[in-house]
Amino acid sequence: MDLNTIRKETRGCTDKIFLNSAGSSLVPDTVFNQMIASLTEEAQIGGYALAYLNQQGVDEFYTETAKLLNCAADNISFQNSATDAYAKAISSIDFKAGDVILTTDDDYISNQISFLSLKKRFGIDIIRGSNLANGDLDLVAFEELVKQHQPKLVALTHIPTSSGLVQAAEEVGAICRKYHCWYLVDACQSVGQLVVDVQAIGCDFLAATGRKFLRGPRGTGFLYVSDRALEAGLAPLIIDMIGAEWTSVNDYTLQPAAKRFEFWESSIASRLALKEAVKYANQVGMANIEKYNTGLMAQFRSQLKQVKGLNLQDWGSRVSNILTFTMEHHTTEEIAEHLRAHDVYFSIASIGSAMIDFPKKNIESAIRLSPHYFNTAEELEKVVAILDF
């Protein structure tokens, strides 16, 4: 992995310390150039002609994403966001009153709200697995919940938005296969940061976004759908002409591939740019990216532990490139103003996104830093020095 080249190809990383890839990362030049070129071409020839002339590039999105996740191109569908993908996956499950969704305390805010919406509308039950003292999901207790409640759907956020915790996606997948549960994974914060292998995870659905660690444009994402789900006829509640063929006045036939979860209308420029982002990650190599990130973050966390009054808030035996912290003698807003004054880009995680997690930690907000593989150890050392105030 050539860090110098990667930084040269990331035009936004030279005049600041950018640590917000968990929010919306900096795109490589290939993504930027593709987006600008496509929009310029669209302005000259129109959207339909753009789509026709760039069909090969659109098709490459599916093969590149399949390579990224270790699946077939037919298992991939383009989406406008991870939330869009997640909602379509949930809508394919035929929920009835009394059905159970089994999830965790650490699932993403929008997912938790979706579950509550289903509870209000259909009368489903929401069961949440418990955590061990170190923050990990209690897998023994989780399997007992599966046996006891026979959930219609198991839903897991691989990495929460308000914590660096990496949840045990593969171990939960093994439980789901054992008890034949539908399994939905939110990989919004893990795709592009870690090696994500859907065969190893064993999920039926996996939702991801382009804008975060994958370094693609906003307004893009994708949904993986397993062969098992496709063969069972699962499809989103609302289907349009790309998802099915209108075969008679009162009937239709589903598209056999995961494209049944797509809508026909989308931005071709965005599709092509997302393809470039996935291709870039594949070329750098996800194993290389994960290895670099792991070393970078281990050093960063170790150095931050030496800052007096700084408390790392990421629990769990495995943590990621999302790092949250508070300080004993400074409020979150005071820290934020200090970081802004030094051109450090970051996010603030609030209790509104972590209604279960933050009360356990006795905090209401935290600074969230999320470096990525275009960041250097020297940059993070500067941040450590900045925070020692």
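## Helix pairs, cysteines and single residues in a predicted model

Helix α12 passes helix α15 in a right-handed crossing, where right-handed means that the near helix is turned clockwise from the far one by less than a right angle, and left-handed means anticlockwise. This is a predicted model, in which local features need pLDDT of at least 70 and side-chain atom pairs count only at pLDDT 80 or more, while totals for chains, interfaces and linings use all residues. Residues are numbered from 1 along each chain as its sequence is written, and side-chain values use heavy atoms, with hydrogens and water left out. Helices (H or I, at least four residues) and strands (E, at least two) are DSSP runs, numbered from the N terminus.

### Two helix pairs

Let's stay with that opening pair. Helix α12 covers residues 286-304 and helix α15 covers residues 377-387; their axes are 10 Å apart and the packing angle is about 20°. Axes here are lines fitted to C-alpha atoms, for helices over the stretch in contact, and angles run from 0 to 180 degrees between N-to-C directions. The two helices α12 and α15 are therefore roughly parallel to each other (under 35 degrees; over 145 is roughly antiparallel, 65 to 115 roughly perpendicular and the rest oblique).

On the α12 side, the meeting residues are Y292, L296, Q299, F300, Q303 and L304, and they face A377, L380, E381, V383, V384 and L387 in α15. Sorted by class, this contact has 9 nonpolar, 2 polar and 1 charged residues. In this scheme Ala, Val, Leu, Ile, Met, Phe, Trp, Tyr, Cys and Pro count as nonpolar, Asp, Glu, Lys and Arg as charged, and the others, Gly among them, as polar.

Another pair to look at is helix α7 (residues 139-149) with helix α8 (residues 169-179), whose axes come within 11 Å and cross at roughly 25°. That makes α7 roughly parallel to α8. The crossing of α7 over α8 is right-handed. From α7, the residues L139, F142, E143, V146 and K147 meet E171, V172, I175, K178 and Y179 of α8. The contact of α7 with α8 has 6 nonpolar, no polar and 4 charged residues.

### A mostly covered helix

Helix α5 spans residues 82-91, and 7 of its 10 residues are buried, meaning under 20% relative accessible area, with exposed over 50% and partly exposed in between (1.4 Å probe, protein chains only). The buried residues of α5 are A82, D84, A85, Y86, K88, A89 and I90. What do these buried residues of α5 pack against? Their partners are β2 (76-79), α6 (109-122), β5 (153-157), β6 (182-186), β7 (205-209) and β8 (221-225), where contact means heavy atoms within 4.5 Å.

### Cysteines

How many disulfides does the structure hold? The count is 0, a disulfide being a pair of cysteine sulfur atoms within 2.5 Å. For C181, the nearest cysteine sulfur is that of C176, 5.1 Å away. C181 is buried, at 4% relative accessible area. The sulfur of C188 is 15 Å from the closest cysteine sulfur, in C203, which is too far for a bond. C188 also counts as buried, with 11% relative accessibility.

### Single residues worth a look

The table gathers some individual residues with their relative accessible areas.

| Residue | Place | Relative accessible area |
|---|---|---|
| S266 | loop between β10 (251-254) and α11 (268-284) | 15%, buried |
| W246 | strand β9 (residues 244-248) | 70%, exposed |
| H180 | loop between α8 and β6 | 65%, exposed |
| R215 | loop between β7 and β8 | 1%, buried |
| R177 | helix α8 | 44%, partly exposed |

Leaving out residues up to four places away in sequence, S266 touches F78, N80 and R271. With the same exclusion, W246 touches D251 and Y252.

Backbone geometry is the point of interest for H180 and R215. Most residues other than glycine have a negative phi. H180, although not a glycine, has a positive phi of about 60°. R215, also not a glycine, has a positive phi of about 70°.

Finally, R177 and C203 are 26 residues apart in sequence, and their C-alpha atoms are 8.6 Å apart in space. Setting aside neighbours within four places in sequence, R177 is in contact with A200, I201 and G202.
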